[in-house]
Amino acid sequence: MFGIYREMLYQKLTLEIEIKMLLKKHLDTFLKDESGLRVFFPLCGKAVEMKWFADRGHSVVGVEISELGIREFFTEQNLSYSEEPIMEIPGAKVFKSSLGNISLYCCNLFDLPRANIGKFDRIWDRGSLVAINPGDRKRYADIMLSLARKGFHYLLCVLSYDPTKHAGPPFYVPDAEIKSLFGSVCNSQCLEKVDVFEERHKSWGIDYLVEKLYLLTEK
């Protein structure tokens, strides 16, 4: 399953500029001028935003299957860190920055609830849902909602294209499925749609690619 995510790394990196621009544009809507928030990054990879949030006084927690990716994040951001086993998940580890404001769990995301990591004020889903096998989306959404604290804001990036021409990854997530997955608990608002189609995407067999940014909030 998470072999899919490795295949996603390139696509996520190539969309990095657009994603960061969207985040910056809608940051006030996401943070609501609050400080000391707990922010969760599912399938975090080496997202530079993690350090950005930590530097601004927030506590960051991420989960990533690739230990190499986690180590590279700390190295590339010039952060010293420690590591320790996660007793609840055999073979898993948690990597913590020396300041204690970034904790990255190296494990299967679906095992993460066993680690009792608490709840979060904000979730930044910057390419995680689109990497999940469609058959696992309901289980994924249930985990995300179980980690959300009362009054949470969940920022979600998805991609839209003709799924009959490209099977993924990244996987197509229709608007109706977002409502199906999260609608019982969340209000959803599409903040922006951005055309991110490039010449190289023609190799996927598609002729359009739109990135959509949603804000999910508690009903």
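Here is a short conversation about the aromatic rings and backbone details of this predicted model.

Visitor: How many aromatic pairs does a search of the whole structure find?

Guide: Good place to start! Two rings pair if their centres lie within 6.5 Å. A search of the whole structure with that rule gives a count of 9.

Visitor: Is the pair of Phe41 and Phe53 stacked, tilted or edge-to-face?

Guide: Let's look at the angle between the planes, which is 65°, with 6.0 Å from centre to centre. Planes over 60 degrees apart fall in one class. The pair of Phe41 and Phe53 is therefore edge-to-face.

Visitor: How many residues apart in sequence are the parts that this pair ties together?

Guide: Phe41 lies in strand β1, residues 38-41. Phe53 belongs to helix α4, residues 49-55. Both residues are buried. The pair ties together parts whose separation in sequence is 12 residues.

Visitor: Which residues form one aromatic cluster?

Guide: Phe41 and Phe53 are both members, so to speak, of a wider group. The full cluster is Phe30, Phe41, Trp52 and Phe53.

Visitor: Why does the pair of Tyr81 and Phe95 count as tilted?

Guide: The ring centres of Tyr81 and Phe95 are 5.9 Å apart, and their planes stand at 50°. Stacked needs planes under 30 degrees apart and edge-to-face needs over 60. The angle fits neither, so the pair is tilted.

Visitor: Is Tyr81 buried, partly exposed or exposed?

Guide: Tyr81 is in strand β3 and its partner Phe95 is in strand β4, 14 residues apart. Phe95 has 0% relative accessibility and counts as buried. Tyr81 has 29%, and the middle class runs between 20% and 50%, so Tyr81 is partly exposed.

Visitor: Which residue has its charged end over the ring of Phe110?

Guide: A charge has to be within 6 Å of the ring centre to count here. The charged end in question is 4.0 Å from the centre of the Phe110 ring. It belongs to Arg139.

Visitor: What is omega for the cis peptide bond that joins Pro169 and Pro170?

Guide: Pro169 is found in the loop between β7 and α7, and a cis peptide bond joins Gly168 to it with omega about 0°. Pro170 is in the loop between β7 and α7 too. For the cis bond between Pro169 and Pro170, omega is about -5°.

Visitor: Is Asn78 buried, partly exposed or exposed?

Guide: Asn78 lies in the loop between α5 and β3, and its phi is positive, near 55°. Its relative accessible area is 72%, and the class for values over 50% applies, so Asn78 is exposed.

Notes. Residues are numbered from 1 along each chain as its sequence is written. This is a predicted model: local features need pLDDT of at least 70, side-chain atom pairs count only at pLDDT 80 or more; totals for chains, interfaces and linings use all residues. Side-chain values use heavy atoms; hydrogens and water are left out. Helices (H or I, at least four residues) and strands (E, at least two) are DSSP runs, numbered from the N terminus. Buried means under 20% relative accessible area, exposed over 50%, partly exposed in between (1.4 Å probe, protein chains only). A charge sits over a ring if NZ of Lys or CZ of Arg is within 6 Å of the ring centre and within 35 degrees of the ring normal.
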